[in-house]
Amino acid sequence: MAFTLRQLQYFISVAEEGTVSGAAQSLSISQSAVTDAIKELESDLGVTLFERHRRGLTITHKGHQFYRHAARILASVSDARRSFGEAEAPVGGNLQLGVTSLVAGYVLSDLLARYRRAYPGVNVTAIEDNGDYLEHLLIGGELDVAVMVISNLRDRVALQAEIFETSPYRLWLPLGHRLAGADIISVSDIVPEPLIMLTVDETEENTGKLLAAFSARPNVAFRTRSVEAVRSLVATGAGIALLPDLVYRPWSLEGDRIESRDISGALPVVQVGMVWRRGSRLTQAARDFIGLAQQQHAPRGRAAQER
């Protein structure tokens, strides 16, 4: 039996709420309907999407992978419905976007593609820079909206933010690494390992804090601003890396395999979202961009803010 759109909607709601009861409440349906839909979906896919525990559900790595597909499917369905809606006058104008390095190719690309399809008459320009500078541009009115890492947003008085992506850190390993076959990997296991350190956004700061809890300084073998460089270096055995799951891909550019493993304990997460100047009179193009992103990601954003 092929999975249904309803099952995808239920799955996404459970992933975002973290509990069946929370998903059932947000969807205004019974808990048994949600439970049955998830079981049928897991049976159809042949994978375990959630780990069950007393406090709720934790999405598995396979579940994270399927979430991306499910979100794209539902977004495409939404686009198809919009295309057959009542004809409207094409929206024009300009949209000035900002984006931080970590999310430029992993979050913005899909969102921007949907926006261009929905509003082809809008002239979109984007700038990539660090979070501090994008905040400066937003406050100064030089950007309409920024899609960025907001876990460490500094000016929460002048800026309004909405989370739509929360990604945990995981360990990247070369194929055949001694830790790849371990049942449980702890932070203490990775302390002596050479690290490939990504220096964009807050990744270096988070890694340093994590190891500092064990009175250890990162054993940094290489620092880089390129995620592709991290992949290549890890894949060839130059070191390991701690990075948010949203940028994980199983292959380097050279075609070498990269393994990804969970680490036990409380790890940091990266929050990605939209930011705009609080109280500003947004252009129609900016309001449409925010609305489209909210339509695609709003349940996850609400869940992240509540937790």
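What radius of gyration would a compact globule with 307 residues have, and what does the chain have? A compact globule of that length would come out near 19 Å, and the chain has 20 Å, which agrees.

**Figure 1. The whole chain, with its 10 helices and 11 strands.** Let us start with the overall picture, bearing in mind that this is a predicted model. The C-alpha trace spans about 60 × 50 × 40 Å along its principal axes. Of the 307 residues, 45% are buried. Among contacts with a separation of 6 or more, 73% join residues that are 24 or more positions apart. The accessible surface of the chain comes to about 15300 Å², and carbon and sulfur atoms account for 50% of that surface.

**Figure 2. The largest nonpolar core, a set of 57 residues.** Here we step inside the chain. L95, L171, W172, I190 and F289 are the residues with the most contacts inside this core. Helix α10 (residues 284-306) gives the core its largest share, six residues.

**Figure 3. L95 and its contacts from elsewhere in the sequence.** This view leaves aside the neighbours of L95 within four places in sequence. Among the remaining contacts of L95 are Y115, V122, N123, V124 and T125. D144 also touches L95, as do A285, A286 and F289. F289 is a familiar name from the previous view, since both L95 and F289 are listed with the most contacts inside the largest core.

**Figure 4. A second, separate core of 17 residues.** Which residues belong here? Members of this core include L8, A23, F50 and Y67. Two of these names return in an aromatic cluster, which is formed by F3, F11, F50, F66 and Y67.

**Figure 5. F3 and F66, an edge-to-face aromatic pair.** The count for the model comes to seven aromatic pairs, and this is one of them. The ring centres of F3 and F66 are 5.8 Å apart, with 80° between the planes. F3 belongs to the segment before α1 (5-17) and F66 to helix α4 (residues 61-83), so their pairing ties together parts 63 residues apart in sequence. How accessible are the two partners? F3 counts as partly exposed because its relative accessibility is 30%, whereas F66 counts as buried at 10%.

**Figure 6. W172 and Y248, an edge-to-face pair between a strand and a loop.** For W172 and Y248 the distance is 5.7 Å centre to centre, and the planes make an angle of 70°. W172 sits in strand β6 (residues 159-174), while Y248 is in the loop between β9 (241-244) and β10 (258-261), so the pair links parts that are 76 residues apart in sequence. W172 counts as buried at 0% relative accessibility, and Y248 counts as buried at 7%. W172 is also one of the residues with the most contacts inside the largest core.

**Figure 7. A charge over a ring: R257 and W251.** In this view the charged end of R257 sits over the ring of W251. The distance from the ring centre is 5.2 Å.

**Figure 8. S43, an exposed residue of helix α3.** Is S43 buried or exposed? With 59% relative accessibility, S43 counts as exposed. Its helix, α3, covers residues 31-45. For a sense of distance, S43 and A15 are 28 residues apart in sequence, and their C-alpha atoms are 17 Å apart in space.

Note on methods: Residues are numbered from 1 along each chain as its sequence is written. This is a predicted model: local features need pLDDT of at least 70, side-chain atom pairs count only at pLDDT 80 or more; totals for chains, interfaces and linings use all residues. Side-chain values use heavy atoms; hydrogens and water are left out. A nonpolar core is a set of buried Ala, Val, Leu, Ile, Met, Phe, Trp, Tyr and Cys residues joined through side-chain atoms within 4.5 Å. Buried means under 20% relative accessible area, exposed over 50%, partly exposed in between (1.4 Å probe, protein chains only). Helices (H or I, at least four residues) and strands (E, at least two) are DSSP runs, numbered from the N terminus. Contact means heavy atoms within 4.5 Å. Rings of Phe, Tyr and Trp (its six-membered ring) pair if their centres lie within 6.5 Å; planes under 30 degrees apart count as stacked, over 60 as edge-to-face and the rest as tilted. A charge sits over a ring if NZ of Lys or CZ of Arg is within 6 Å of the ring centre and within 35 degrees of the ring normal. The radius of gyration is taken over C-alpha atoms; the globule rule is 2.2 Å times the number of residues to the power 0.38. Accessible areas come from the Shrake-Rupley method with a 1.4 Å probe; for residues, only the protein chains shown count as cover.
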